[in-house]
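Thank you all for coming. I would like to walk through one model this morning, starting with the ligand and then moving on to the empty space and a few details of the backbone.

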Amino acid sequence: MKRFRESYLKKLHIGSLTTESNVFMAPLAGYTGYPFRVMCRKLGAGLCFTEMVSANGLKYNDLATAKLLYTDAAESPKAVQLLGCVPSAFEYACKGSYTADYAVVDINMGCPVPNIIKNGEGCALTGNLPLAARIIEACKRSGKVVTVKCRPGMNPDKIVITEFARMCEDSGADMITVHGRTRNMMYDGEPVYEYIAAAKRAVHIPVIANGGICSEEDAVRMMENTGADGVMLARYGLENPLIFAQLTGRETGDTKLSLLMEQADLAESCFDELAAMDYIKKLASYFMKRMPGTKSGRQAMYQCGNMQGLRAILVQAFAETEA
Ligand SMILES: Cc1cc2nc3c(=O)[nH]c(=O)nc-3n(C[C@H](O)[C@H](O)[C@H](O)COP(=O)(O)O)c2cc1C
């Protein structure tokens with residue numbers, strides 16, 4: 001098998017930023033908080049994005065929204081993803097204090113969720129190129145590196161990826177990530193390589209390929225078939241973050257269990273106990289996916305009400321499978 005690190009691994013120039021690798025971790029609502037991002041960076045991911053954060057929420061000083069932006073010195077570079085459809089709200093969010101630490105702003109133009117689409121946000125912006133352009137220009141006025149994450153269009157009859165990618169570049173975007181599924185596919189089915197390849201042919205800025213990468217083989221196939229400049233992992237990055245070390249050739253003695261214990265420490269240091277437990281349970285549950293013999297561990301985990309007990313349950317569940 002072709003190795004990603006031998007054939008495709010490289011640093012990437014994105015505007016004024018150079019990333020250590022071209023393997024990125026996607027924004028994932030409910031998961032890609034500070035602890036998770038720090039772990040992926042340690043394992044070789046070149047960029048890791050916050051979950052989508054409402055530009056309007058920041059404009060109106062919504063505290064729950066601002067909390068999603070927690071970060072610390074251990075994270076570098078920092079990349080935030082914003083969601084919305086009002087250019088002035090994006091400009092305010094990019095220039096304001098909440099995002100001051102973040103060098104990169106990614107604009108969500110791919111979210112398929114009905115409420116978001118109804119508001120004209122997320123993937124709906126692939127159907128409104130003039131507004132999408134004004135949002136990118138508004139973000140660029142902050143001087144930050146600006147990237148866009150999008151889908152090829154709303155459905156197979158509305159594929160706009162070529163003109164959309166050109167619009168992004170013309171409006172000043174420094175990189176685009178294409179999730180190769182149309183909005184009607186939501187998160188299921190095979191991503192279409194050709195949509196990503198079309199974006200790559202249309203622009204000179206880096207194009208990152210996303211969707212359905214669950215192994216090194218998938219990552220290699222994605223690069224081969226799209227000509228993309230890098231890959232972005234999403235759900236599989238949650239299931240097995242060690243994939244970042246595998247793709248980038250980073251030496252690590254880590255196991256899933258050691259990563260979980262480290263995540264528990266980090267989560268406790270920056271979240272309250274309830275939030276830390278909630279996060280560790282969700283993460284451990286992803287880690288256990290496709291791991292046989294973890295049913296009882298999973299049940300015990302969900303019934304557990306304190307961090308110390310949770311740690312003990314995880315040690316037992318993973319020690320058995322990782323022995
Ligand atoms: C639970 C969950 C949360 C997500 N949250 C976001 C988000 O906040 N912003 C975003 O751009 N995409 C979000 N996505 C989409 C992913 O970033 C990614 O594009 C998608 O899962 C396809 O990649 P995959 O097939 O490798 O998982 C989310 C997906 C899932 C499953």
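Let me begin at the ligand, where 17 residues make up the surroundings and Q81, K149, N210, G212 and R235 come nearest, a residue being near if one of its heavy atoms lies within 4 Å of the molecule. Before going further, I should say that this is a predicted model, in which local features need pLDDT of at least 70 and side-chain atom pairs count only at pLDDT 80 or more, while totals for chains, interfaces and linings use all residues. Residues are numbered from 1 along each chain as its sequence is written, and side-chain values use heavy atoms, with hydrogens and water left out.

By class, that shell holds seven nonpolar, six polar and four charged residues, where Ala, Val, Leu, Ile, Met, Phe, Trp, Tyr, Cys and Pro count as nonpolar, Asp, Glu, Lys and Arg as charged, and the others, Gly among them, as polar.

Turning to polar contacts, meaning pairs of N or O atoms within 3.5 Å, the side chain of N210 places a polar atom 2.6 Å from an oxygen atom of the ligand. For G212 the partner is a backbone N or O atom, at 2.7 Å from a ligand oxygen, and for R181 a side-chain N or O atom is 3.0 Å from an oxygen atom of the ligand. Taken alone the ligand exposes 610 Å², of which the protein buries 89%, with areas from the Shrake-Rupley method and a 1.4 Å probe.

Where does the ligand sit? The ligand is in the largest pocket, in the sense that more than half of its atoms lie within 2 Å of the pocket's grid points. A pocket here is an open set of points on a 1 Å grid over the protein atoms alone, with protein on both sides within 12 Å along at least five of seven lines, whereas a cavity is a set where a 1.4 Å probe fits but cannot get out; lining residues have an atom within 4 Å of a point.

The largest pocket has a volume of about 750 Å³, and of its 40 lining residues, L28, H179, Y187, A234 and R235 are the closest to its centre. Among the elements giving two or more residues to this lining are β4 (47-54), β7 (145-150) and α10 (216-226), but α11 gives the most, with four residues. The lining has 21 nonpolar, eight polar and eleven charged residues.

A search of the whole structure finds one cavity of 30 Å³ or more, and its lining residues include S54, L83, C85, F90 and E121. Both α3 (55-59) and α5 (87-95) supply at least two residues of that lining.

Finally, the backbone: the peptide bond from S76 to P77 is cis, with omega near -5°, and P77 is found in the loop between α4 (63-67) and β5 (79-83).

Methods
Polar contact = N/O pair within 3.5 Å; in protein donor to acceptor, adjacent residues only side chain to side chain. Points joined across faces, edges and corners; volume = space filled by probe spheres on them.
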